[in-house]
Amino acid sequence: MPREMPRVIRRRSDVWTAALLLGPALAGFAVFYVSPTLRGAYYATTDFTLLNEPAFVGADNFRALLADEQVWTSLRITAVFAVANLVLMLVLALGLAALMQRLRLRTWVRSLLLLPWLVPNVAIALIWGWLLDANVGYLKNLLDAVGITGVTFFNPDAALWIVVVISVWSGLGYTALLLYAGMLQVPAELYEAGALDGAGETRMFFRLTLPLIRPVLALVLVVSLIGSFQVFDLVQVGYGNNPIPEVRVIYYYIYQQAFSFYKMGYASAVAVLLVVLLGALTYVQLRLMRADRSDLA
Amino acid sequence: MSRPVRPGRVVAWLAVGVAVLVTVFPFYWMVRTALTPAGALVQDATLLWPSDPTLINFRRVLGLTTVEEAVAAGGTGAAIDFVRYTANSLLYAGSVAVVQTLSCAAAAYAFARLRFPGRDALFGVVLAGLMVPGIFTLLPNFALLREAGLLNTMVGLVAPAILTSPFTIFFLRQFFLSLPREVEEAAMLDGVGSLGRFWRIALPMSRGPLATMALITLVGMWKDYLWPLVAGNSEATRVLTVALGVFQQQSPNTAPDWTGLMAGSTLSVLPVLVLLVLLGRQLVESLNFSGGK
């Protein structure tokens, strides 16, 4: 509700102050966001290799990428990762958030659950690579002992799922805390009323909590999906600079084209494809979730 | 306490216990391994505490041992100087966190409170910046810094992030919008200009959210890997995450230097652990704040 200000005060425009306050941030935005976005789109239509003057090649890069098996393979791997990551993360994080809310977990327990989110993915990749080491990995031995074999870090059949599990493990506490924040907005009286009506915790979770936190849920879904498509550190460090084919995600492919083969033009074209895909996915998600409206209002 | 214990609650608390254990154990195992002599790695593989704990792995990744000692303790003998990498990480993350928060606070205040033509359209453009995946701008930014001769310099490393983050601007704008207008209006009637209202009123009233934003940025930059990998992989500007990756790649594939790697990883976890102990409450509360619209 923007309240009208008294007329005397309103007449002055703040153009100069605005220019001063916006200056630094907008300068950074122009140089490192707007300009590279335009340059990236331009590179995508050139044969730029970092070492040459970029020459215009029209849609050649895009024609090449349509025919490039590896682009589609890495996109498929990334999509499988993203969906598995999203579903597993959401189910577990919703459960954990509900536990935080209904058991009123203390702050120190909640902050403990946040620990993996604070740690660089690089360290996380190393820690799990060691836990699942084929020879003396502690977790690998533990799993062997209960009859679950083959869960070693470099096992091609398991690798992508291992990356999913690691990724869920590292983001779970953070995601749960975001959802928990949404749950705090649900009035306690609703639960009291529900309990009086004889509804159990499970029923209240599905009938009350879930519908009422939809805006936060939508936000978390969109952010997680975009984040999942950008998985890189876990793969590049965990599996080294030449990872096994099963975990070559799209970010790795772009990175390799640009920085191992210096095909900047081609890498930019693949990045354009990624931008378009992510934009479309986000749009669809937001529409499906009706993110702007909560049933609480 | 007099209420009867329901089985559902027991299961719920058990689930919490499992979640905490699963969260913490990998870190415990990291520290345990870092304290194990490389020679005892296989023999101690199933022990929860090393039979002969040692600090040698920390000493060698910090460059405090001779090459011979390091090789004897399981290293490759390649120079590793985690003191420098940690200092680089602190400089990288710290400078961006402080400067970016201030610069974005100024912009956010302008978007929230000042009147100027094109304000909402401009804000829309900044928001659109949120939708562009990092790698798309990373490639041209790399080319730009290369042309400018700023690769492998701290200035070049911090340049893309130090002034702007669309997310930070968005978040702080939301906060400024939620501040009561009355205080600023009173100041306005007293003849305080718009700059003074930002600097002397809005900023001091926003210490909490500013600290939160700086903290979130600090953590993000501390974890950052891809950009410092491509733009600052020289010894002088190498940050901790990149150093860990390089360390891993130098270590032989067949028998990785796990004790050294875990010592290095522990060093990358230690500062955030301190942060969590000191500021855990604020961090957790602030996520409540940023998540709950």
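Reader: What share of the 297 residues of chain A counts as buried?
Author: Bear in mind that this is a predicted model. Buried here means under 20% relative accessible area. By that cut-off, the buried share of the 297 residues in chain A is 54%.

Reader: How many helices and how many strands does chain A have?
Author: Going along chain A from the N terminus, the elements read α-α-α-α-α-α-α-α-α-α-α-α-α-α. The count for chain A is 14 helices and 0 strands.

Reader: What radius of gyration does chain A have, next to that of a compact globule of 297 residues?
Author: Along its principal axes, the C-alpha atoms of chain A fill a box of roughly 80 × 70 × 30 Å. A compact globule with 297 residues would come out near 19 Å, whereas the radius of gyration of chain A is 24 Å.

Reader: Looking at contacts in chain A between residues at least 6 apart in sequence, what percentage joins residues at least 24 apart?
Author: A contact is a pair with heavy atoms within 4.5 Å. With pairs at least 6 apart in sequence as the pool, the part that joins residues at least 24 apart in chain A is 68%.

Reader: And the outside of chain A: what part of the accessible surface belongs to carbon and sulfur atoms?
Author: Chain A carries 21 positive and 18 negative side chains, with the centres of the two sets 11 Å apart. Its accessible surface totals about 13,900 Å², and the carbon and sulfur part of that is 64%.

Reader: Where is Arg104(A), and is this residue buried or exposed?
Author: Arg104(A) sits in the loop between helix H4 (69-102) and helix H5 (107-118) of chain A. Its phi is near 50 degrees, which is positive in a residue other than glycine. Because its relative accessibility is 70%, Arg104(A) counts as exposed.

Reader: Chain B has a non-glycine with positive phi too, Asn152(B). Why does Asn152(B) count as it does for accessibility, and what is that class?
Author: You'll find Asn152(B) in the loop between helix H6 (134-147) and helix H7 (154-162) of chain B, and its phi is about 60 degrees. Partly exposed covers the range between under 20% and over 50%. Asn152(B) has 36% relative accessibility, so it counts as partly exposed.

Reader: Moving on to H7(B), which elements do its buried residues pack against?
Author: H7(B) is mostly covered, with 8 of its 9 residues buried. Among those buried are Met154(B), Gly156(B), Leu157(B) and Pro160(B). The packing partners are H4, H6, helix H11 (207-223) and helix H12 (226-231) of chain B, together with helix H2 (15-43) of chain A.

Reader: How many of the 11 residues of H13(B) are buried?
Author: H13(B) runs over residues 240-250 and is mostly covered. The buried ones include Leu240(B), Val242(B), Leu244(B) and Phe247(B). The number of buried residues in H13(B) is 9.

Reader: Which residues does Thr86(B) contact, leaving aside its neighbours within four places in sequence?
Author: Thr86(B) belongs to helix H4 of chain B. Its relative accessible area is 17%, so Thr86(B) is buried. Apart from those sequence neighbours, Thr86(B) is in contact with Trp222(B) and Leu240(B).

Reader: Ser103(B) is in helix H4 (residues 82-113) of chain B too. Which residues is Ser103(B) in contact with beyond four places in sequence?
Author: Ser103(B) has a relative accessible area of 8%, so it is buried. Its contacts reach into chain A as well as chain B. Leaving aside neighbours within four places, the contacts of Ser103(B) are Leu21(A), Pro24(A), Ala25(A) and Leu163(B).

Reader: Which residues does Pro26(B) contact, with the neighbours within four places set aside?
Author: Pro26(B) lies in helix H1 (residues 7-34) of chain B. At 4% relative accessible area, Pro26(B) is buried. The partners of Pro26(B) are Ile127(A), Trp128(A), Leu131(A), Trp169(A) and Leu21(B).

Reader: UniProt annotates residues 12-31 of chain B as "transmembrane region". How far apart are the end C-alpha atoms of residues 12-31?
Author: That label comes from an unreviewed entry, which also lists residues 90-112 among others. In the model, residues 90-112 of chain B are 100% helix, with end C-alpha atoms 32 Å apart. Residues 12-31 of chain B are 100% helix as well, and their end C-alpha atoms lie apart by 29 Å.

Reader: What about the span annotated "domain: ABC transmembrane type-1" in chain B: how far apart are the end C-alpha atoms of residues 86-279?
Author: The unreviewed UniProt entry puts that annotation on residues 86-279 of chain B. The span is 78% helix and 0% strand, and the distance between its end C-alpha atoms is 20 Å.

Note on methods. Residues numbered from 1 in each chain as written. Chains lettered and ligands numbered in written order. Heavy atoms only, no water. Helix = DSSP H or I, 4+ residues; strand = E, 2+ residues; numbered from the N terminus. Buried < 20%, exposed > 50% of the residue type's maximum accessible area, 1.4 Å probe, protein only. UniProt positions renumbered as here; feature names shortened; annotations may be inferred. Rg over C-alpha atoms; globule rule 2.2 N^0.38 Å. Areas by Shrake-Rupley, 256 points an atom, 1.4 Å probe, with all protein chains shown as cover. Lys, Arg positive; Asp, Glu negative; His and termini not counted. Charge placed at Lys NZ, Arg CZ, Asp CG, Glu CD.
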